[in-house]
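Here is a chain to read at the bench, one question at a time. Look over the sequence and the structure before going on.

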Amino acid sequence: IRYVVKEAKRLGMYYWIYDEYEYPSGTAGGILCRDYPQYRQKELRVEDHSLHGPGQRISICRPGEFVGAQLITELDDRIYTQDISDQCRLTKHGDYTELDYIYDETNIAGRALFYFNEFNLELLPSGTGRVDADNILGYVDMFNPDAVSMFLELTHERYKKYIGDEFGKT
């Protein structure tokens, strides 16, 4: 890249640096997700369970953090929602959260929705497009300023280091 910038300057041309490999910005070719997994994107996931009567127990074990829970019931053609987060018993097991909930309403059928904040586990092209990306799952959390700063350090700051004073000029 130093040579290309030097030649561009000599010829009166400008060299445009695309911010990273040929896939969506933010992953530095998968390197950011591989080396800094705490900066991976998270998604809100829901577990939807039908409730049939009192005493019904729901047990869930999922990766990520528990966000909250809702009870949805219908009575006299009206739909009601109730926050039941405080009725859920939670136990952490490393990156997983175990949840236990016992439905205690009588004669009212309904649904319980349990929400979890989990890392994105999708395999994106940025994780497969480079030999050194190691098929890393997920994407970068673009709402996390530290993740964006690390991306800039892994891409633009490295270009700047090698290009020197011509960075942003030639």
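Q: Which residues of helix α1 (residues 2-11) are buried?
A: The model is a predicted one. In a helix, buried here means under 20% relative accessible area. In α1, the residues that meet this are V5, E7 and A8.

Q: Within what arc do the buried residues of α1 fall, seen down its axis?
A: The residues concerned are V5, E7 and A8. They line one face of the helix, because seen down the axis of α1 they fall within an arc of 165°.

Q: Which residues of α1 are exposed on the other side?
A: The buried residues of α1 line one face of the helix, and their cover includes α5 (156-163). On the other side of α1, the exposed residues are R2, Y3, K6 and R10.

Q: Which residue just after α1 takes a positive phi?
A: Helix α1 covers residues 2-11. Just after α1, a positive phi of about 75° is taken by G12.

Q: What is the order of the strands in the open sheet of four strands?
A: The pairing in this sheet is antiparallel. β1 (42-51) and β4 (78-83) stand at the edges with a single partner strand each, so one side of each is left without a neighbour in the sheet. From one strand to the next, the twist averages 20°. The order is β1-β7-β3-β4.

Q: Which residue is the bridge partner of A69 in β7?
A: Strand β3 (residues 65-75) and strand β7 (residues 110-119) run antiparallel and are joined by eight bridges. For A69, the partner in β7 is F114.

Q: Which residue in the turn of the β3 and β4 hairpin has a positive phi?
A: β3 and β4 pair in the antiparallel sense over six bridges, and L75 stands opposite R78 in β4. Two residues lie between the strands of this hairpin. The turn residue with a positive phi, about 55°, is D76.

Q: What is the count of buried residues among the six residues of β4?
A: β4 (78-83) stands at an edge of its sheet, with a single partner strand. This strand is hardly covered, and its count of buried residues is zero.

Q: Which strands are the edge strands of the open sheet formed by three strands?
A: The sheet has the order β2-β6-β5, with antiparallel pairing. Its neighbouring strands are turned by 15° against each other on average, direction ignored. Each edge strand pairs on one side only, and these strands are β2 (57-63) and β5 (89-93).

Q: Which residue in β6 is the bridge partner of I60?
A: Seven bridges pair β2 with strand β6 (residues 96-102) in the antiparallel sense. The partner of I60 in β6 is L99.

Q: To what number does the count of disulfides come?
A: A disulfide is a covalent bond between the sulfur atoms of two cysteines. The cut-off used is a pair of cysteine sulfur atoms within 2.5 Å. C61 is partly exposed at a relative accessible area of 48%, while C88 counts as buried at 10%. The count of disulfides by this rule is zero.

Q: What share of the 170 residues of the chain counts as buried?
A: The chain has five helices and seven strands, in the run α-α-β-β-β-β-β-β-β-α-α-α from the N terminus on. Its accessible surface comes to about 11000 Å², of which 51% belongs to carbon and sulfur atoms. The share of residues that count as buried is 36%.

Notes
Residues are numbered from 1 along each chain as its sequence is written. This is a predicted model: local features need pLDDT of at least 70, side-chain atom pairs count only at pLDDT 80 or more; totals for chains, interfaces and linings use all residues. Side-chain values use heavy atoms; hydrogens and water are left out. Two strands pair if DSSP finds at least two bridges between them. Axes are lines fitted to C-alpha atoms, for helices over the stretch in contact, and angles run from 0 to 180 degrees between N-to-C directions. Buried means under 20% relative accessible area, exposed over 50%, partly exposed in between (1.4 Å probe, protein chains only). The arc is that of the directions from the helix axis to the C-beta atoms. Contact means heavy atoms within 4.5 Å. Accessible areas come from the Shrake-Rupley method with a 1.4 Å probe; for residues, only the protein chains shown count as cover.
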